[in-house]
Amino acid sequence: LNNPAVKKKLIGEVSLKGKPYYKIKVTFREKGGGQDFDDEYVYWIHQQEYTVDYLAYSFHVNEGGTRFREAYHSRGVNGIRFTDYINYESTVEDFELEDYDRLFEEGKVKEFSRIVLDNVKVRPLGKGNGQTASR
């Protein structure tokens with residue numbers, strides 16, 4: 001997130017399910033921002049654990065839309081955190097992406113899908129597994 005094309009901003013501190021979060025909005029400049037530079041993201045980062053427990057994003061492919069994700073079943077595998085997410089969509093129209101926390105707390109989202117990571121394995125980079133290390 002320190003790429004020159006990334007624009008990030010702390011937009012508030014909120015409570016979700018009684019826990020404190022920093023709310024950070026991330027957008028991209030057109031130059032260097034990639035094919036989907038106009039997508040937007042909001043991350044809710046736990047103020048003590050520094051984990052991304054919630055995130056929202058807007059997208060423009062396939063007629064576009066927005067989603068809100070809630071982390072569940074977080075676990076560490078060889079020192080790397082992996083998380084499954086419940087993927088929600090809003091039940092209301094015309095709202096700002098950063099308001100998803102309020103809609104979530106008010107029950108104005110519905111489950112769209114789940115992102116489940118099964119059989120996660122972490123192997124070192126290098127010879128023998130088809131990957132190479134780079135810096």
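Here is a short chat about a predicted model of one protein chain.

Biologist: How many helices and strands does the chain have?

Modeller: Reading along the sequence, you meet the pattern β-β-β-β-β-β-α-β. Counted up, that secondary structure comes to 1 helix and 7 strands.

Biologist: Which element gives the most to the largest nonpolar core?

Modeller: That core has 14 residues, and Trp44, Tyr54, Ala56, Phe68, Tyr100 and Phe104 touch the most other members. Strand E3 (40-46), strand E4 (52-59), strand E6 (80-90) and helix H1 (100-105) each supply at least two residues. With 3 residues, the top contributor is H1.

Biologist: What does Ala56 touch, leaving out residues up to four places away in sequence?

Modeller: Ala56 is one of the core residues that touch the most other members. Its list includes Trp44, Phe68 and Tyr100, which belong to that well-connected group too. In full, Ala56 touches Glu40, Tyr41, Val42, Trp44, Arg67, Phe68, Leu97 and Tyr100.

Biologist: How many residues are in the second core?

Modeller: This core is separate, and Leu55, Tyr57, Ala71 and Tyr85 are among its members. Its total is 5 residues.

Biologist: How many nonpolar, polar and charged residues line the largest pocket?

Modeller: About 160 Å³ of space lies in that pocket. Its lining is Leu16, Lys17, Lys19, Tyr21, His46, Asp53, Tyr54, Glu70 and Ala71, with strand E2 (19-28), E4 and strand E5 (65-77) each giving two or more residues. By class, that makes 4 nonpolar, 1 polar and 4 charged.

Biologist: What percentage of the chain's residues count as buried?

Modeller: Here the cut-off for buried is under 20% relative accessible area. Of the chain's 135 residues, the share that counts as buried is 33%.

Terms used. Residues numbered from 1 in each chain as written. Predicted model: local features only at pLDDT ≥ 70, side-chain atom pairs only at ≥ 80, totals over all residues. Heavy atoms only, no water. Core = buried A, V, L, I, M, F, W, Y, C linked by side-chain atoms within 4.5 Å. Buried < 20%, exposed > 50% of the residue type's maximum accessible area, 1.4 Å probe, protein only. Helix = DSSP H or I, 4+ residues; strand = E, 2+ residues; numbered from the N terminus. Contact = heavy atoms within 4.5 Å. 1 Å grid on protein atoms, 1.4 Å probe; cavity = no way out; pocket = protein on both sides within 12 Å on 5 of 7 lines; lining within 4 Å. Points joined across faces, edges and corners; volume = space filled by probe spheres on them. Nonpolar A, V, L, I, M, F, W, Y, C, P; charged D, E, K, R; others polar.
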